[in-house]
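Here are my notes after going through the model, as numbered points. Have it open beside you as you read.

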Amino acid sequence: RAVVLTGNASVFSGGADVTEFGTANALREPNLRVLIDRIESSDKPVIAAIGGICLGGGFELALGCHFRVALADASIGLPEVKLGLLPGAGGTQRLPRLTGLEAALNLIVSGHPAPAHKFSGTPLIDEIVTGDPAQAGVAFARKVIAEQRPIVRTRERKLRDPQADAFLQFARNTVNAAAGNFPAPIKCVETVALSLSKPFDDAMRIERETFQALMNTPESRALRHVFAAESAADESW
């Protein structure tokens, strides 16, 4: 009657395998966007039970679930900008619908993770839990069933912010001044802004096109090379 997605107390999901970016594996079906759409369209409530690290594509997966519970110190975020990219599986559109525009932009443009408890009381985190995330997720699922809570799909939430225009202009000015020659940060701002002005499916298409365009920039290729080199050095050490 319900589905709980979880990892363990240390890791929910660290996100995509960066070494697959730009290869045939990145295009294989079902890709992450298809998976998230299937989950979001489910008639059964789907609960993400988050412990530890929940980043990138793993966080986007959680955003597509109908409910989310998390340990207070779970680390959530979208670090793609650090690789010269933006979230490519709906993060730019689902996150602002759950946290509001400013909080979403702060996470996406900075690339820095934040503790889950920071979002307690918002639609992003339905409940802060303790102990084993899987057990807490199942307990929450039973509560959802018993209370007959309606499924609210993230894509169907409406984002309204009367201060949006002023904040977006401030964000553009700030990001342009700080980003230098790196194109990804301002693309993050412009793509998140679509959550206010475009239908969800149209904005998702633009998000994907922008992700693919950034993937082919020399800046992203260089940042991904550095990331892979650092990871290899850590493993060899």
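1. Let's begin with the covered part of helix 7. Its buried residues are A184, P185, I186, C188, V189, T191, V192, A193, L194 and S195. Bear in mind throughout that this is a predicted model. That list amounts to 10 of the 14 residues of helix 7, so the helix is largely enclosed by the rest of the structure. The cover over those buried residues includes helix 3 (91-99), helix 4 (101-110), helix 6 (164-179) and helix 8.

2. The length of helix 7 holds no surprise. From first C-alpha to last, its 14 residues reach 20 Å, close to the 20 Å expected at 1.5 Å a residue.

3. How do helix 7 and helix 8 pack, and at what angle? Helix 7 (residues 184-197) and helix 8 (residues 200-215) meet at about 170°, and their axes are 9 Å apart. That makes the two helices roughly antiparallel. On the helix 7 side the contact involves A184, K187, T191 and L194, and on the helix 8 side A203, I206, E207, T210 and L214. Of the helix 7 residues in that contact, A184, T191 and L194 are also among the buried ones.

4. Next, S220, which sits in helix 9 (residues 218-236). S220 is buried, at a relative accessible area of 0%. Its side chain does have a polar partner: one of its polar atoms lies 2.8 Å from the backbone oxygen of L83. Beyond its sequence neighbours up to four places away, S220 touches L83, G84, L85, L214 and M215. L214 is worth a second look, since it also appears among the helix 8 residues that meet helix 7.

5. Helix 5 is the one I'd spend some time on. It runs over residues 133-146, and its 14 residues reach 20 Å from first C-alpha to last, close to the 20 Å expected at 1.5 Å a residue. Its buried residues are P133, A136, G137, F140, A141 and V144. They cover an arc of only 140° around the axis, which puts them on the same side of helix 5. As a reminder, an α-helix has 3.6 residues a turn, so residues three or four places apart point the same way. On the other side of helix 5 you'll find Q135, R142 and A146 exposed.

6. Which strands do the buried residues of helix 5 pack against? There are strand 1 (3-6), strand 3 (46-50), strand 5 (67-71) and strand 8 (127-129). G137 is a nice example from the buried face: it lies in helix 5 and has a relative accessible area of 0%. Setting aside residues up to four places away in sequence, G137 touches V4, I47, A49 and V69. With I47, G137 is 6.7 Å apart in space, C-alpha to C-alpha, although the two are 90 residues apart in sequence.

7. Compare Q135, also in helix 5. With a relative accessible area of 59%, Q135 is exposed. Q135 and T6 are 129 residues apart in sequence and 9.7 Å apart in space, C-alpha to C-alpha.

8. Both ends of helix 5 deserve a quick check. At the N-terminal end, D132 acts as a cap, with a side-chain oxygen 3.3 Å from the backbone nitrogen of A134. Just after the helix comes Q148, whose phi is positive, at about 50°. Most residues other than glycine have a negative phi. Q148 is a residue other than glycine with a positive value, so I'd flag it in passing. Q148 belongs to the loop between helix 5 and helix 6 and counts as exposed at 70% relative accessibility.

9. Don't skip helix 2 (residues 56-63), which is mostly covered: eight of its eight residues are buried. They are G56, G57, G58, F59, E60, L61, A62 and L63. Note that E60 is on that list.

10. Last, a loop residue: is S42 buried or exposed? It counts as buried at 19% relative accessibility, and the cut-off for buried is under 20%. S42 is placed in the loop between helix 1 (32-40) and strand 3. Apart from neighbours within four places in sequence, S42 is in contact with H66, I151 and R153.

Notes:
Residues are numbered from 1 along each chain as its sequence is written. This is a predicted model: local features need pLDDT of at least 70, side-chain atom pairs count only at pLDDT 80 or more; totals for chains, interfaces and linings use all residues. Side-chain values use heavy atoms; hydrogens and water are left out. Helices (H or I, at least four residues) and strands (E, at least two) are DSSP runs, numbered from the N terminus. The expected span of a helix is 1.5 Å times one less than its number of residues. Buried means under 20% relative accessible area, exposed over 50%, partly exposed in between (1.4 Å probe, protein chains only). The arc is that of the directions from the helix axis to the C-beta atoms. Contact means heavy atoms within 4.5 Å. A polar contact is a pair of N or O atoms within 3.5 Å; within protein, one must be able to donate a hydrogen and the other to accept it, and residues adjacent in sequence count only if both atoms are side-chain atoms. Axes are lines fitted to C-alpha atoms, for helices over the stretch in contact, and angles run from 0 to 180 degrees between N-to-C directions. Angles under 35 degrees count as roughly parallel, over 145 as roughly antiparallel, 65 to 115 as roughly perpendicular and the rest as oblique.
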